[in-house]
Amino acid sequence: MGRRPTVRTRRHGPRSGRPATTAIDGVLARDRGWRREAREAWCWGTALGGLLTLVDLLRGELDAARACCWAALGITLVAVLRPPRVTAGDGWLASRGLLRERRVRTDLLTRVRQSDGMAPRLVLRDVGGGRVELDPRVLRTNPLLWHQLESGARRALERGLLREGAPVLAALASRIDGEGVRGVLRASGLE
């Protein structure tokens with residue numbers, strides 16, 4: 001008798017009419033560099049707390065109060081350095097910090113502003129009062145996040161909701177597209 005061959009079928013794919021990858025909780029795009037940056041924040045915080053504890057230990061001055069102080073200082077550094085986690089789905093964009101998540105409907109945007117300075121920020125507001133603040137660099141390094149924001153903002157502009165900030169998005173789009181073209185040219189050896 002022989003062994004019966006197993007038949008493998010595709011649950012998702014082009015023939016079933018559904019996409020090959022399914023989104024968990026509606027998340028279609030996320031910041032791909034977030035894990036690395038969060039890990040670096042933990043490493044720097046742990047290194048600072050450990051180094052200060054080690055110096056006190058070597059000097060013979062380490063006690064429980066000082067150890068707690070150095071641990072609190074390391075945890076504070078982690079909290080300051082840890083970036084917010086940015087995710088997007090169909091018609092929404094969210095930024096999750098240490099304590100809470102802020103979400104905005106991209107297809108119902110009313111205002112987009114860019115604040116320049118030491119740390120440039122992109123501030124998005126929607127009809128329901130939702131507000132998300134994020135680093136534009138996250139959008140430049142994550143094309144899928146940018147695509148979700150741009151398609152939602154385009155719908156808001158078509159509906160007449162986006163009254164302030166269309167030039168900001170256009171400038172950001174030209175910069176992202178320019179960087180993409182330069183990357184393609186660099187990869188192909190034409191630049």
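The exercises below work through the strands, helices and confidence values of one predicted model.

Residues are numbered from 1 along each chain as its sequence is written. In this predicted model, local features need pLDDT of at least 70 and side-chain atom pairs count only at pLDDT 80 or more, while totals for chains, interfaces and linings use all residues; side-chain values use heavy atoms, with hydrogens and water left out.

**Exercise 1. State the confidence of the chain and locate the stretch with pLDDT below 50.**

Step 1. pLDDT is the predictor's confidence in each residue, from 0 to 100. The chain has a mean pLDDT of 84, and 85% of its residues reach 70 or more.

Step 2. The pLDDT is below 50 over residues 5-22. Beyond near neighbours in sequence, this stretch has nine contacts in the model, a contact being heavy atoms within 4.5 Å.

**Exercise 2. Describe how helices α1 and α2 pack.**

Step 1. Helices (H or I, at least four residues) and strands (E, at least two) are DSSP runs, numbered from the N terminus. Helix α1 covers residues 34-59 and helix α2 residues 64-81.

Step 2. Their axes come within 8 Å and cross at roughly 160°. Axes are lines fitted to C-alpha atoms, for helices over the stretch in contact, and angles run from 0 to 180 degrees between N-to-C directions.

Step 3. The crossing angle therefore makes α1 roughly antiparallel to α2, a label for angles over 145 degrees.

Step 4. The α1 side of the contact includes Trp42, Trp44, Leu48 and Asp56, and the α2 side includes Arg66, Trp70, Leu73 and Leu77. The contact residues divide into 10 nonpolar, four polar and two charged. Here Ala, Val, Leu, Ile, Met, Phe, Trp, Tyr, Cys and Pro count as nonpolar, Asp, Glu, Lys and Arg as charged, and the others, Gly among them, as polar.

**Exercise 3. Give the strand order and edges of the four-stranded sheet, and place helix α4 against it.**

Step 1. The sheet is open, with order β1-β2-β3-β4 and antiparallel pairing; two strands pair if DSSP finds at least two bridges between them.

Step 2. β1 (29-30) and β4 (101-105) are the edge strands, each pairing on one side only.

Step 3. Two bridges join β1 to β2 (residues 85-89) in the antiparallel sense, and Ala29 has Ala88 as its bridge partner.

Step 4. Helix α4 (residues 143-159) lies across β1, β2 and β3 (92-96), at about 55° to β2.

**Exercise 4. Trace the three-stranded sheet through its pairings and turns.**

Step 1. This open sheet has the order β5-β6-β7, with antiparallel pairing. β5 (109-115) and β7 (131-134) each have a single partner strand, so one side of each is left without a neighbour in the sheet. The twist averages 15° from one strand to the next.

Step 2. β5 and β6 (residues 121-126) are joined by six bridges. Val112 is the bridge partner of Leu124, and Ser115 stands opposite Arg121. Five residues lie between these strands in their hairpin, where Gly117 takes a positive phi near 150°.

Step 3. β6 pairs with β7 over four bridges, with Arg125 opposite Arg131. Their hairpin has four residues between the strands, and Gly129 in the turn has a positive phi of about 90°.

How values were computed
Parallel < 35°, antiparallel > 145°, perpendicular 65-115°, else oblique.
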